[in-house]
Amino acid sequence: PRPHRHEGLIMRVSYQWIAVGAIAAGLGTGAWILSHADAVNGVTVGAPAPDYRVIDVGTGDTVGLRARLKGHVTIINIWATWCVPCRLEMPSMEKLYNEFKGRGFQIAAVSIDQGDPAVITKFAKAYGLTFDLLHDPSGDIQELYRTTGVPESFIVDRRGVIVKWLIGGYDWTAPVQRTLIDRLLSEPAS
């Protein structure tokens, strides 16, 4: 006997719903993975700032970021001398640093410039920078901190926890940034 026309239609509709279900399941799985990626990779607001070893431009020593951060409110700024937004934000970072450095505030500015750190030293002198300049010529810190470019900054509290992640250049003397730093400096370390 020949199948009825309705049976072919039902089979086509069934396959379409199976395809829709598979797509929905794939989207749901992808959304779950993306929503949990920060926890897996460790860099997210509310998580401890990952440790990373960099070169202190001032001394030439290799130092760990975690040791540098301990007990301080810190901006970890990932930047480069060739980056125009980095150049624009550095003077305001210096002003913020000078305002709060006596209260346990520091800036760990990690340059990803390749090559000789003398370029960073020359840049610091030209801009009158007095905060910590660090160097990661490999640029691997970008992968660890999952940055999309430069500059990117992470504000870290006294416990070493990331409280804010900023993409792009900012005016660090703006009230919103100053208020946050002041509030974090007023909180206890533990």
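Start your tour at Ile78: its bridge partner in strand β6 is Glu152. Strands here are DSSP runs of E with at least two residues, helices are runs of H or I with at least four, and both are numbered from the N terminus. Two strands count as paired if DSSP finds at least two bridges between them.

Before you go on, note that this is a predicted model, in which local features need pLDDT of at least 70 and side-chain atom pairs count only at pLDDT 80 or more, while totals for chains, interfaces and linings use all residues. Residues are numbered from 1 along each chain as its sequence is written, and side-chain values use heavy atoms, with hydrogens and water left out.

**Stop 1: strand β3**

Select residues 73-79, which make up β3. How many of them are buried? The count is 7 of the 7, so the strand is largely enclosed by the rest of the structure. Buried means under 20% relative accessible area, exposed means over 50%, and partly exposed lies in between, with a 1.4 Å probe and protein chains only. Colour the two faces separately: Val73, Ile75, Asn77 and Trp79 lie on one side, with Thr74, Ile76 and Ile78 on the other. Both faces are covered.

Now add the neighbours. Residues 105-111 are β4, which runs parallel to β3 and is joined to it by 7 bridges. To find the register, look at Asn77, which stands opposite Ala109 of β4. Then show residues 152-156: this is β6, antiparallel to β3 over 5 bridges.

**Stop 2: the whole sheet**

Show every strand. The order across the sheet is β2-β1-β5-β4-β3-β6-β7, an open arrangement of 7 strands with mixed pairing. At the edges are β2 (62-64) and β7 (162-167), each pairing on one side only. From one strand to the next, the twist averages 30 degrees. Such angles run from 0 to 180 degrees between N-to-C directions, with axes as lines fitted to C-alpha atoms, for helices over the stretch in contact.

**Stop 3: β6 and β7**

Select β6 and β7, an antiparallel pair joined by 5 bridges. Phe154 stands opposite Trp165 of β7. Keep both side chains on display, as they return at stop 6.

**Stop 4: helices on the sheet**

Next, select residues 84-100, helix α3. Together, β3, α3 and β4 make a right-handed β-α-β unit. To check the hand yourself, point the strands away from you: in a right-handed crossover the path from the first strand over the helix to the second runs clockwise.

Helix α4 (residues 118-127) is the one to add now; it lies across β3, β4 and β5 (132-135). Its direction makes about 155 degrees with that of β5.

**Stop 5: the disulfide**

Zoom in on Cys83 and Cys86, joined by a disulfide with S to S at 2.4 Å. The rule asks for a pair of cysteine sulfur atoms within 2.5 Å, and by this rule the count comes to 1 disulfide. Measure the dihedral about the S-S bond in your viewer: the model gives 80 degrees, a right-handed link. Are these cysteines buried or exposed? Cys83 is buried at 4% relative accessible area, and Cys86 is buried at 0%.

**Stop 6: aromatic rings**

Show the Phe, Tyr and Trp side chains. The structure holds 7 aromatic pairs. Rings pair if their centres lie within 6.5 Å, with the six-membered ring used for Trp; planes under 30 degrees apart count as stacked, over 60 as edge-to-face and the rest as tilted.

One of the pairs is Phe100 with Phe105, edge-to-face at 6.2 Å centre to centre and 75 degrees between the planes. Phe100 is buried at 4% relative accessible area, and Phe105 is buried at 3%.

Return to Phe154 and Trp165, a tilted pair with 5.0 Å centre to centre and 40 degrees between the planes. Phe154 lies in β6 and Trp165 in β7, so the pair ties together parts that are 11 residues apart in sequence. Phe154 is buried at 0%, whereas Trp165 is partly exposed at 25%.

Finish the rings with Trp79, Phe123 and Tyr127, which form one aromatic cluster.

**Last stop: zoom out**

Show the full chain, with its 6 helices and 7 strands. Of its 190 residues, 39% count as buried.

Definitions and conventions: Contact = heavy atoms within 4.5 Å.
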